[in-house]
Amino acid sequence: MPTVEHALLPQPSRSEIRIEQVLQALGDPVRLTLVRALAAAPEGVACGAIPLPVTKSTRTHHLRILRDAGVISMRAEATRRITTLRRDDLDARYPGLLDGVLSASH
């Protein structure tokens, strides 16, 4: 049986995550929708699994901004990309930030 290769896409290390980038990434309604959905799925979800009112290329753009800011992590699993929220890293860098953002009303 062949093994499934898991390749982590480039992302900042925990110490490289900057509050300015995190807040800017979380300031967009589409990206906030993605983060809320990922918070409800700690095991991660495939890229296209979260319904969004945007094109595929715009979705890719939003995911890249979140990944570059250190908010999410993406890994390749065969032909899919699985996205997870970097909750542990964000909680370690900025305690309470993610909980506050996620609990804020829409």
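A pocket, as the word is used here, is an open set of grid points where a 1.4 Å probe fits, with protein on both sides within 12 Å along at least five of seven lines. The model examined in these exercises is a predicted one.

**Exercise 1. The largest pocket**

State how much space lies in the largest pocket, and determine which residues line the pocket and which helix gives the largest share of the lining.

*Solution.* Step 1: the space in the largest pocket comes to about 220 Å³. Step 2: its lining consists of L9, C47, G48, K56, R59, T60, L63, R64, R67, M74 and R81. Step 3: sorted by character, these lining residues comprise five charged, four nonpolar and two polar ones. Step 4: helix α3 supplies six residues, the largest share of the lining.

**Exercise 2. The length and faces of α3**

Check the span of helix α3 against the expected value, and find where its buried residues lie around the axis.

*Solution.* Step 1: α3 covers residues 56-69, that is, 14 residues. Step 2: at 1.5 Å a residue, the helix should span 20 Å, and the C-alpha atoms at its ends are indeed 20 Å apart, so expectation and model agree. Step 3: R59, H62, L63, L66, R67 and A69 are the buried residues of this helix. Step 4: viewed down the axis of α3, these residues fall within an arc of 170°, and therefore they line one face of the helix. Step 5: the partners against which the buried residues of α3 pack are α1 (19-26), α2 (29-39), β3 (72-77) and β4 (80-85). Step 6: after α3 comes G70, which has a positive phi, near 90°.

**Exercise 3. The two sides of α1**

Identify the buried residues of α1 and the exposed residues on the face turned away from them.

*Solution.* Step 1: V22, A25 and L26 are buried in α1. Step 2: the arc they cover around the axis is only 95°, which means that they sit on the same side of α1. Step 3: the buried residues of α1 pack against α2, α3, α4 (87-93) and α5 (97-103). Step 4: E20 and Q24 are exposed and belong to the face turned away from the buried side of α1.

**Exercise 4. The setting of Q24**

Decide whether Q24 is buried or exposed, and give the separation of its C-alpha atom from that of L66.

*Solution.* Step 1: Q24 is placed in helix α1. Step 2: its relative accessible area is 60%. Step 3: a residue counts as exposed over 50%, so Q24 is exposed. Step 4: Q24 and L66 are 42 residues apart along the chain, and 9.2 Å separates their C-alpha atoms. Step 5: L66 is one of the buried residues of α3.

Key:
Residues numbered from 1 in each chain as written. Predicted model: local features only at pLDDT ≥ 70, side-chain atom pairs only at ≥ 80, totals over all residues. Heavy atoms only, no water. Helix = DSSP H or I, 4+ residues; strand = E, 2+ residues; numbered from the N terminus. Expected span 1.5 Å × (residues − 1). Buried < 20%, exposed > 50% of the residue type's maximum accessible area, 1.4 Å probe, protein only. Arc of directions from axis to C-beta. Contact = heavy atoms within 4.5 Å. 1 Å grid on protein atoms, 1.4 Å probe; cavity = no way out; pocket = protein on both sides within 12 Å on 5 of 7 lines; lining within 4 Å. Points joined across faces, edges and corners; volume = space filled by probe spheres on them. Nonpolar A, V, L, I, M, F, W, Y, C, P; charged D, E, K, R; others polar.
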